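Here are my notes on this model, point by point. Please read them with the structure open.

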Amino acid sequence: MPVPSADFKKALKNLTDKEKEAIILRAARRDAELYDLLAYELLPDRTLELVTEETSEIIHEHMYGVSGRNLSKNINRSLRKSIKEIARFKRITKDAKAEIDLHLYLLKLIFDNFTGQFESRYKSFFVGTARLLLRTTKLIRKNLHEDYHLEYKADLDNFLDQIHSRSQRIHLTFEVPREFEVD
């Protein structure tokens, strides 16, 4: 992303309010994520809870909208789309706890409904799920206070246990802990 130069900032200050408004509206029409960011920042009815709920619905649609001849590949594609949607949510809201809650929501969907696909000959869905779980544990340690660690420990330990109980774990090229350690 380009960093605004001093000349750019000076030119922006010299614009009238009407010119600034026209530029912002033109940019928002071209970029959906910019529009969502501006709507979140400017509109009082676009709360964090509303944006979180909308994102969880999109994740639900991605994961349950899977169909087709090759189910394993399509589920893996849906997993990647869901992870990208969570990253988009993070760029818009900058809320670390809500991002982690969405990661856990996605993991619960996977472990409640799609664990049968872990034993597929296509290992990418299992590996993607394990990466998501590892990333979630790292995000919790890095971004949340220690009090939240206890809140998430039971779910994370359950997910980690399920990952380690699968025969596909030998295909993992990274280390997944056996349990979520609380400091």
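**Notes on the predicted model**

1. Glutamate 179 is partly exposed, with a relative accessible area of 43%. The model is a predicted one. The side chain of glutamate 179 meets that of lysine 153 in a salt bridge, at 3.7 Å from N to O. Glutamate 179 sits in the segment after H8 and lysine 153 in helix H8, so the pair ties together parts that are 26 residues apart in sequence. Another set of charged residues is worth marking: salt bridges that share partners join Asp36, Glu85 and Arg88 into one network.

2. How many salt bridges are there? The count comes to ten. One of them pairs the side chains of arginine 91 and glutamate 33, at 2.7 Å from N to O. This pair links distant parts of the chain. Arginine 91 belongs to helix H5 and glutamate 33 to helix H3, with their positions 58 residues apart. Arginine 91 counts as partly exposed, at 42% relative accessibility. Glutamate 33 is also partly exposed, at 22%. The cut-off for buried is under 20%, so glutamate 33 does not count as buried at its 22%.

3. Arginine 166 forms a salt bridge with glutamate 119; the closest N and O atoms are 3.6 Å apart. Arginine 166 lies in the segment after H8, and glutamate 119 in the loop between H6 and H7, so the pair ties together parts 47 residues apart in sequence. Are these two partners buried or exposed? Arginine 166 is buried, with a relative accessible area of 18%. Glutamate 119 is partly exposed, at 39%.

4. Glutamine 168 is also found in the segment after H8. Its relative accessible area is 7%, so glutamine 168 is buried. What does glutamine 168 touch? Leaving out residues up to four places away in sequence, the list is Phe118, Glu119, Ser120, Lys123 and Phe126. Glu119 thus appears in two places: in contact with glutamine 168, and in the salt bridge with arginine 166.

5. Histidine 164 lies in helix H8. Histidine 164 counts as buried, because its relative accessibility is 14%. A polar atom of the histidine 164 side chain lies 3.0 Å from the backbone oxygen of proline 177. Beyond its neighbours within four places in sequence, histidine 164 is in contact with Arg169, Val176, Pro177 and Arg178. For scale, histidine 164 and threonine 16 are 61 Å apart, C-alpha to C-alpha, and 148 residues apart in sequence.

6. Now to helix H4. Its 17 residues should span 24 Å at 1.5 Å a residue; the end C-alpha atoms are 24 Å apart, which agrees. The buried residues of H4 are Val51, Thr55, Ser56, Ile59 and Met63. Seen down the helix axis, these buried residues fall within an arc of 135°, so they line one face of H4. On the other side of H4, Glu49 and Glu61 are exposed. What covers the buried residues of H4? The cover includes helix H3 (32-42), H5 and H6.

7. Helix H6 covers residues 96-113 and has 18 residues. H6 reaches 26 Å from first C-alpha to last, close to the 26 Å expected. At the start of H6, a side-chain oxygen of aspartate 95 comes within 3.2 Å of the backbone nitrogen of lysine 97. Among the buried residues of H6 are Glu99 and His103, along with Leu102, Leu106, Ile110 and Phe111. Which helices do the buried residues of H6 pack against? They are H4 (48-64), H5 (71-93), H7 (124-143) and H8 (146-164).

8. The largest nonpolar core has 40 residues. Those with the most contacts inside this core are Met63, Leu106, Ile110, Ile163 and Leu172. H4, H5, H6, H7 and H8 are the elements that give two or more residues to the core. Leucine 106 is a good residue to display here. Setting aside neighbours within four places in sequence, leucine 106 is in contact with Ile59, Met63, Leu79, Ser82, Ile83, Ile86 and Leu132. Two of these contacts, Ile59 and Met63, are among the buried residues of H4.

Conventions. Residues numbered from 1 in each chain as written. Predicted model: local features only at pLDDT ≥ 70, side-chain atom pairs only at ≥ 80, totals over all residues. Heavy atoms only, no water. Helix = DSSP H or I, 4+ residues; strand = E, 2+ residues; numbered from the N terminus. Expected span 1.5 Å × (residues − 1). Buried < 20%, exposed > 50% of the residue type's maximum accessible area, 1.4 Å probe, protein only. Contact = heavy atoms within 4.5 Å. Polar contact = N/O pair within 3.5 Å; in protein donor to acceptor, adjacent residues only side chain to side chain. Arc of directions from axis to C-beta. Core = buried A, V, L, I, M, F, W, Y, C linked by side-chain atoms within 4.5 Å. Salt bridge = Lys/Arg side-chain N within 4 Å of Asp/Glu carboxyl O.
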